[in-house]
Amino acid sequence: MVNYYGNEITWVPKLEEPNKPIYILIAESIEKDIKDGKLKSGFKLPPQRIIANYLGINHSTVTRAYKLCEERGLIKGVIGNGTFVSSTAGVPVDLLSDYKDNNIIEMGMTLPLYEVNKLIETNISELFNSFDYDIILKYSSPEGNVKHRYIASKWLEQYKINSTLDDIIITSGSQNALAVILISLFNKGDRIIVDELTYTGLKSLAKLLGIILIPVKGDHFGIDIEELNKTCKRENAKGIYLIPDCHNPTSITLSEEKRQIISEIITKYNLLLIEDGTFSFSVEEKLKPMSSLIPNNSIYIHGTSKALNPTFRISYIVSPPNYIKQLQHCVHSLTWMPSPFTSELVSLLQTTSKYNEIVDAKLKILKERNKILDTTLNEYNVLPSNTSLFRYLILPNKWDDTNIERLCLESGTQVFSSKRFSIGTDAHHNAIRISVSAPKSSDELKKGLQILKDILTSYEYRFEPIL
């Protein structure tokens with residue numbers, strides 16, 4: 001198709017409901033064509049001026065439509081290159097699968113090793129007589145009770161976090177903590193730099209709040225320094241979100257040298273670092289968090305759900321003083337306060353060392369399960385880790401990871417395609433995240449891994465073998 005000015009047009013929106021504003025109709029047309037498969041991941045949309053000329057409307061109307069779609073995570077504008085359909089457009093991002101078949105072996109969701117629940121149950125029952133009922137049966141301040149924040153500040157020292165109780169806000173889980181930070185400190189249209197593969201909870205929050213995520217490529221050692229520098233120069237970003245310890249989904253842990261270099265870049269461009277320490281407990285060598293290198297430019301999140309159990313829903317935000325009031329106000333507005341009951345319970349687990357006893361029991365099982373995975377998939381390219389709750393299997397470029405995810409589910413096990421974690425327009429990754437913590441037992445893990453291996457083997461007959 002060629003327009004009046006001789007420009008080739010590969011796609012145009014269909015404006016089907018004239019009673020709506022035109023920019024909304026354009027956005028709805030883009031969304032519908034993505035869902036219908038007419039616009040594929042990575043497709044380059046026509047320039048805004050060409051669409052405007054074709055439809056006989058103002059350029060600003062198309063700009064507004066494109067911006068709305070970008071806020072919804074449907075498309076991605078790349079400065080100097082154009083606008084592309086997002087790599088995750090049409091890919092389900094909800095990792096809490098609604099698949100109810102009990103015969104399916106779960107290796108997609110990262111569950112916190114329910115095998116240890118009996119130990120947790122025993123430890124909790126021993127603590128009930130120690131509860132401070134004068135605290136747990138009353139309202140607390142939005143940031144949490146002074147006692148619980150003091151205990152948290154001391155307990156976090158084992159993760160090399162130096163803080164006082166005044167630096168800490170207790171939240172109802174890490175997703176709540178992330179929501180509080182984004183709502184308090186970022187506005188619609190703000191840009192946050194992330195790894196090109198990142199936590200899906202951040203993706204969903206950013207989409208909800210209209211915050212734009214800017215992806216940076218990486219390698220087997222984490223985010224690429226050169227690409228990060230280029231992105232910081234090119235984009236007017238306000239923040240950066242990183243998981244330095246056991247990155248989700250790749251399980252990569254950033255080296256001390258890389259943490260230092262990235263911290264210097266963050267300082268140079270005056271970014272606000274959101275450091276997610278969700279999986280720090282599963283890394284045996286406790287490295288210095290980046291937040292401790294740049295305390296005035298960073299906010300640290302440390303959750304307990306994966307280390308303990310999701311029922312507790314207790315996480316800690318460690319923030320510099322200049323952000324505390326804003327964060328406290330947001331907690332008050334969203335959830336009023338963290339649960340004093342669960343805060344007390346987690347604090348008791350921490351002060352009696354039962355928390356670390358539970359973590360140690362989990363790490364022992366995780367070591368055994370990761371060995372099982374390494375043995376079963378020893379012929380394949382799996383990023384190394386001894387104690388991670390999940391592993392990252394890299395596939396050859398010609399393979400389709402979303403298809404492998406589907407074949408696994410049809411064969412009785414669930415794994416997750418890398419596309420679920422992808423940001424931006426480049427869908428070049430072909431990989432699978434495998435949860436080793438989700439199966440009910442080591443025997444079930446072996447069975448699930450064998451199903452996956454059989455499917456991978458069938459792929460080898462169609463393509464070149466994995467080296």
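Modeller: In this predicted model, the largest cavity encloses about 60 Å³ of space.

Colleague: What makes a space in the model a cavity?

Modeller: A space is called a cavity because a 1.4 Å probe fits there but cannot get out. With a threshold of 30 Å³ or more, the structure holds two cavities. The second largest has a volume of about 30 Å³.

Colleague: Which residues line the largest cavity, and how do they divide by class?

Modeller: The lining is made up of Tyr159, Asp245, Ser280, Glu285, Lys286, Leu287, Pro289 and Tyr300. Four of these residues are nonpolar, one is polar and three are charged. Tyr counts as nonpolar here, and Asp, Glu and Lys as charged.

Colleague: Why is Glu285 called exposed?

Modeller: The relative accessibility of Glu285 is 56%, and exposed means over 50%, so Glu285 counts as exposed. Glu285 sits in the loop that runs between β10 (272-276) and α11 (290-293). Glu285 also belongs to the lining of the largest cavity, as does Asp245. The two residues are 40 apart along the chain, and their C-alpha atoms are separated by 9.8 Å.

Colleague: Which residues line the second largest cavity, and how many of them are charged?

Modeller: Ser140, Gly144, Asn145, His148, Ile170, Pro338, Ser339, Pro340 and Ser343 line the second largest cavity. By class there are three nonpolar, six polar and no charged residues. Gly is placed among the polar residues in this scheme.

Colleague: Is Ser140 buried or exposed, and how do you know?

Modeller: Its relative accessible area is 18%. Buried means under 20%, so Ser140 is buried. Ser140 lies in the loop between α5 (133-136) and α6 (146-155). Leaving out residues up to four places away in sequence, Ser140 touches Asn145, Met337, Pro338 and Pro340.

Colleague: What makes both faces of strand β12 covered?

Modeller: Strand β12 comprises residues 315-318. Ser315 and Ile317 on one side are buried, and Tyr316 and Val318 on the other are buried too.

Colleague: How do you know that β4 and β12 pair?

Modeller: Two strands pair if at least two bridges are found between them. Strand β4 (residues 168-171) and β12 share four bridges, so by that rule they pair, in the antiparallel sense. Thr171 has Ser315 of β12 as its bridge partner. Strand β11 (residues 298-303) also pairs with β12, again antiparallel and over four bridges. In that pairing Tyr300 has Val318 of β12 as its bridge partner. Tyr300 is also one of the residues lining the largest cavity.

Colleague: What is the strand order in the open sheet of four strands?

Modeller: The order is β13-β14-β17-β16, with antiparallel pairing. The edge strands are β13 (381-382) and β16 (416-417), each of which pairs on one side only. Strand β14 (residues 390-394) and strand β17 (residues 431-435) are antiparallel and pair over five bridges. Leu393 is opposite Ile432 in β17.

Colleague: Why is Thr413 counted as buried?

Modeller: Thr413 has a relative accessibility of 0%. The limit for buried is under 20%, so Thr413 counts as buried. Thr413 is part of strand β15 (residues 413-414). Beyond four places in sequence, Thr413 touches Ile104, Ile105, Met107, Cys408, Gly448 and Ile451.

Colleague: What makes the pair formed by the side chain of Thr413 and the backbone oxygen of Ile105 a polar contact?

Modeller: A polar atom of the Thr413 side chain lies 3.0 Å from that oxygen. The cut-off is a pair of N or O atoms within 3.5 Å, so the distance satisfies it.

Colleague: Why are positive phi values and cis peptide bonds worth a remark?

Modeller: They are remarked on because most residues other than glycine have a negative phi, and most peptide bonds are trans. Cys246 is not a glycine, and its phi is near 50°. Cys246 lies in the loop between β9 and α10. At a relative accessible area of 3%, Cys246 is buried. Pro249 is in the loop between β9 (239-242) and α10 (256-268). The peptide bond joining Asn248 and Pro249 is cis, with omega about 25°.

Colleague: Why is Ser353 called partly exposed?

Modeller: Ser353 has a relative accessible area of 47%. Buried requires under 20% and exposed over 50%, so Ser353 is partly exposed. Ser353 has a positive phi of about 70°, although it is not a glycine. Ser353 lies in the loop between α13 (340-351) and α14 (354-376).

Notes: Residues numbered from 1 in each chain as written. Predicted model: local features only at pLDDT ≥ 70, side-chain atom pairs only at ≥ 80, totals over all residues. Heavy atoms only, no water. 1 Å grid on protein atoms, 1.4 Å probe; cavity = no way out; pocket = protein on both sides within 12 Å on 5 of 7 lines; lining within 4 Å. Points joined across faces, edges and corners; volume = space filled by probe spheres on them. Buried < 20%, exposed > 50% of the residue type's maximum accessible area, 1.4 Å probe, protein only. Helix = DSSP H or I, 4+ residues; strand = E, 2+ residues; numbered from the N terminus. Contact = heavy atoms within 4.5 Å. Polar contact = N/O pair within 3.5 Å; in protein donor to acceptor, adjacent residues only side chain to side chain.
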